[in-house]
Every structure is written in C-alpha cells, then in structure tokens.
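Hi,

Here is the structure I promised to pass on. Have a look, and then read my notes below.

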Amino acid sequence: MKRLTSVMFAAAVAAASVPFFGGAETAADDTDTIRIMCIGDSITDGYVPEYTGSYRKFIYRGLTEKGYSVDMVGSKDGGYTPTYTDSATGESFEFDNENTGYSGYAIKAYAGRNGILETLQQTNCLQEKQPDIVTLQIGTNNIIDNHETANDLEELIDYILANMPEDSALFVSTIPLMEPNRAEVYDWFGNYRHSADWQTSYTDIEVEQRVLKATMSYNTEIEELILNTVQKEHPNVYLSRAGYTLMTREEGSYFQPCSELFFDGVHPNNDGYRVMGEYWTELLGDYLGGGAQSGTTTTTATTTATTTAATETTTTTTAPYQPPRCRVSDLVLLGRFLLGEEVSRFDDETRQRYDMCGDGRLDMFDLVQMRKYLCDNPLWD
C-alpha cells in the first residue's frame with residue numbers, strides 16, 4: 001500500500017500542473033509513422049542490461065496500444081528489437097530500442113564527463129533521423145558532480161531546435177530526485193560531503209538535503225526556462241514533469257525519492273521505468289491527439305482523493321477559493337521555503353498570498369496549485 005500511495009501521489013503532482021497545448025493533427029488511426037527520439041543520460045539509456053529500454057519501452061508499447069505507428073529513432077541500436085518480460089507478471093512484449101541515451105553523460109562536456117550536446121553534434125542524428133517528437137531528460141550527472149548547469153541546458157535546447165524539423169515537438173523533462181546515501185552510489189556524491197575548501201565535512205543527512213535542494217533547484221530552472229523563456233519564441237516546446245513521477249511524500253515531510261522505484265538510488269528499476277513510461281505515454285498521446293490536459297487520464301483515483309481533501313479544507317467558506325495572481329518567481333520562492341531554506345521577503349502577507357489552497361497552511365499542495373495556475377494563466381514577468 002505504501003508503494004501504491006507513493007506512486008499515485010507522485011503521479012498526481014506530475015499531472016496537476018501540465019499545461020494545455022494544441023497537439024499535432026494526428027489521430028490514433030493515422031497510418032503515418034511517428035518518429036520519436038529520446039535523448040538523455042543513463043536513465044534514458046537503461047544503464048545495465050536488466051533495464052534495457054528504460055522508460056522508452058513503455059512509451060513504445062503504450063503508444064502502439066493506442067493505435068499509433070511508432071518508430072523510435074536515435075544514434076544507437078538501430079534495428080534492434082529486444083523483448084521485455086516482467087518477472088512478476090510474466091507480461092512480455094517487443095520494443096524498438098533505438099535511442100540517443102548515453103550513460104554518464106552531462107548536458108555539455110566538462111572535465112571527466114562527455115556531453116550530450118557534443119554527441120548530437122558529432123553523430124548528426126537529429127538531421128539524419130528527422131524526428132517528429134524529441135524528448136530530453138538530462139542533467140542528473142551535473143547534479144551528481146555538483147557542477148554548474150547555468151546556460152548549458154539552454155545551449156543544448158537551442159541546438160536541438162535548430163537541427164530538428166520545424167514542425168516537430170520538443171519535450172524537456174525534469175529529472176528524478178536521488179538517494180545519495182544508498183551504498184551503491186555513496187561515493188558518487190563526494191562533492192556534497194565536504195565544503196569547497198575541504199574545511200567542513202557534512203553528515204549523511206546534510207548530504208541528502210543538499211542533493212535534494214540542488215535537484216529541486218535545477219528542476220525549477222528547467223520549468224522557468226521552458227515556461228517563461230523558450231515557449232515565448234518556440235510554441236512547439238513543452239514541459240514534461242516525468243522526473244516527479246518517482247517522488248513520494250511521507251506525512252510531515254517534504255518530497256523524497258520513492259525508494260521502491262529505484263534499484264540503486266539514482267537509476268529507476270523496471271517498476272520505476274513503467275511509471276515514467278506511462279506518464280510519457282499520456283503526455284505524448286495527448287499531444288498527438290490534439291491537446292487534452294496531459295496526465296489526467298492516468299490519475300483518476302489520485303485526483304479524486306486530492307479533490308476530496310481540497311473540498312474538506314474549504315467547507316467552511318461560502319464561495320470557491322480564488323487564488324491570487326502569482327509569478328514564476330513566486331513559485332521559486334515557495335519551493336525554496338518548503339525545502340527548509342530561509343527565504344527573505346517571506347512575511348505574513350506573502351504566506352497568505354502563497355496559500356493557494358486557502359486552508360491556512362503552506363505545503364506542497366500549494367506548490368502544485370501555483371504551478372497549475374501559472375500554466376493555465378498568462379505568465380507574469
């Protein structure tokens with residue numbers, strides 16, 4: 001039950017604030033083949049043979065079951081169609097494994113890391129494959145190294161947009177939260193275990209908090225970049241919150257990685273990949289179908305529970321609560337506050353304004369509602 005609750009709650013967070021958008025003029029019975037290129041690091045690659053196909057295999061299967069003809073394209077594994085068998089259920093299906101996922105790669109190359117940007121440039125795969133849809137989930141290795149991400153992601157997105165077909169769509173995703181103290185990856189997070197001058201050592205709990213803050217900060221950067229900058233010039237670029245589908249929230253705590261969906265604290269297992277793949281399937285299916293609010297069809301039970309909870313907190317009011325107008329900068333401040341940071345300008349008036357649920361308290365549900373508000377309303381600078 002804990003795992004189910006965690007997955008459902010994470011899915012609700014991911015779905016609650018995805019914007020409406022006009023998708024491609026494509027129906028499920030269309031005979032045209034849809035070329036999809038998934039770009040990323042080891043989470044996209046699959047990392048080890050047991051997880052070959054990562055979330056991509058579930059995208060392929062899900063869209064195929066919806067009636068679409070799908071060709072997964074990329075710089076790797078052309079023509080290879082492995083079979084996935086679920087060890088628990090015995091479910092088995094073949095999938096197209098072509099992709100552009102590279103284990104250990106950063107957004108852009110730096111000392112000790114190769115970069116996805118340089119790989120795209122060297123393989124010329126965008127120009128050669130001409131994808132109809134590009135998905136991008138990258139940055140986990142930057143966070144692991146505590147390496148600066150500023151400007152790199154924007155440069156990568158600019159390159160992709162300049163080299164994919166003009167009428168194609170790009171979906172840029174958040175990345176999953178991580179568990180830096182799991183034994184399998186403990187040594188990977190050395191840059192978080194001491195200060196830059198090596199004069200201070202941090203406890204495991206402090207390391208966990210530092211990695212969480214770095215990841216959430218990066219995800220916020222992604223959202224701001226896409227919603228507040230890139231979409232203004234490129235309406236064919238969309239935000240994906242696939243990284244948030246692997247989160248859970250224990251009572252009285254902040255969002256955390258859902259341990260049962262990871263095999264080592266960084267990489268999802270096949271249960272985690274299924275959750276991510278089902279989210280992607282609905283997101284891309286909505287785009288191809290013409291523009292429904294993505295994600296809602298897979299989270300009916302959670303949406304109902306959330307709605308019920310919201311109703312309970314507003315039964316004393318005489319009219320539906322109307323949240324105040326807010327900006328992307330407010331979203332950033334609220335996120336930092338909920339992560340435990342000391343945020344300036346966070347007075348009583350601000351607290352009241354950020355109470356998006358109108359229940360007299362601030363929690364992650366207010367953050368979800370604020371994101372939804374920003375997606376459903378004009379963006380304010």
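What follows is what I found in it, going from confidence to strands, cores, helices and salt bridges.

First, a word on how far to trust it. This is a predicted model, with a mean pLDDT of 81 for the protein chain. Of its residues, 77% reach 70 or more. Two stretches need caution: pLDDT stays under 50 over residues 1-23, and it stays under 50 again over residues 291-323. The model does have contacts beyond four places in sequence there, 67 of them for residues 1-23 and 42 for residues 291-323, but I'd keep those confidence values in mind when you look at them.

Now the strands, starting with β6. This strand covers residues 133-137, and 5 of its 5 residues are buried, so β6 is largely enclosed by the rest of the structure. I133, T135 and Q137 point one way from the strand, while V134 and L136 point the other way. Both sets are buried.

What does β6 pair with? On one side of the list is β1, which pairs with β6 in the parallel sense over 5 bridges; there, C38 has T135 as its bridge partner. Then there is β7, also parallel to β6, over 4 bridges. In that pairing V134 stands opposite L170.

T135 is worth a click. Its relative accessibility is 0%, so T135 counts as buried. Leaving out residues up to four places away in sequence, T135 touches M37, C38, I39, Y55, F171, W280 and L284. Among those contacts is C38, the bridge partner mentioned above.

On to the nonpolar cores. Which residues touch the most other members of the largest one? They are L136, I157, I160 and L170, out of 42 residues in that core. Helix α8 gives the most to this core, with 9 residues. Apart from it lies another core, of 34 residues, including Y51, Y68, A242 and V275.

I160 shows how the strands and the core come together. Not counting its neighbours within four places in sequence, I160 is in contact with I39, L120, L126, V134, L136 and L170. V134 and L136 are the β6 residues that point the other way from T135, and L170 is the β7 residue opposite V134.

Two helices caught my eye as well. Helix α3, residues 56-65, is mostly covered, with 7 of its 10 residues buried. The buried ones are R56, K57, F58, I59, Y60, G62 and L63. What covers them includes the strands β1, β2, β3 and β4 and the helices α2 and α9. Just after α3, G67 takes a positive phi of about 105°.

In helix α4, residues 116-123, the buried residues are I116, L117, E118, T119 and L120. Their cover includes β1, β5, α5 and α7. L120 is also one of the contacts of I160. There is a positive phi just after this helix too, at N124, of about 60°.

Last, the salt bridges. How many are there in the whole structure? A search finds 14. Three that I looked at:

- E91 with R61, where the closest N and O atoms are 2.3 Å apart. This pair links distant parts of the chain, 30 residues apart, with E91 in the loop between β3 and β4 and R61 in helix α3. R61 is partly exposed, at a relative accessible area of 24%.
- E184 with R182, with the closest N and O atoms 3.7 Å apart. E184 counts as partly exposed, at 46% relative accessibility.
- R193 with D204, with the closest N and O atoms 3.4 Å apart. R193 lies in the loop between β7 and α8 and D204 in helix α8, so the pair ties together parts that are 11 residues apart in sequence. R193 is buried, with a relative accessible area of 13%, whereas D204 is partly exposed at 33%.

Salt bridges that share partners also join R61, E65, D86, E91 and R274 into one network, so to speak a cluster to pull up on screen along with the E91 and R61 pair.

Cheers

Terms used:
Residues are numbered from 1 along each chain as its sequence is written. This is a predicted model: local features need pLDDT of at least 70, side-chain atom pairs count only at pLDDT 80 or more; totals for chains, interfaces and linings use all residues. Side-chain values use heavy atoms; hydrogens and water are left out. Buried means under 20% relative accessible area, exposed over 50%, partly exposed in between (1.4 Å probe, protein chains only). Contact means heavy atoms within 4.5 Å. A salt bridge is a side-chain nitrogen of Lys or Arg within 4 Å of a carboxyl oxygen of Asp or Glu. A nonpolar core is a set of buried Ala, Val, Leu, Ile, Met, Phe, Trp, Tyr and Cys residues joined through side-chain atoms within 4.5 Å. Two strands pair if DSSP finds at least two bridges between them. pLDDT is the predictor's confidence in each residue, from 0 to 100.
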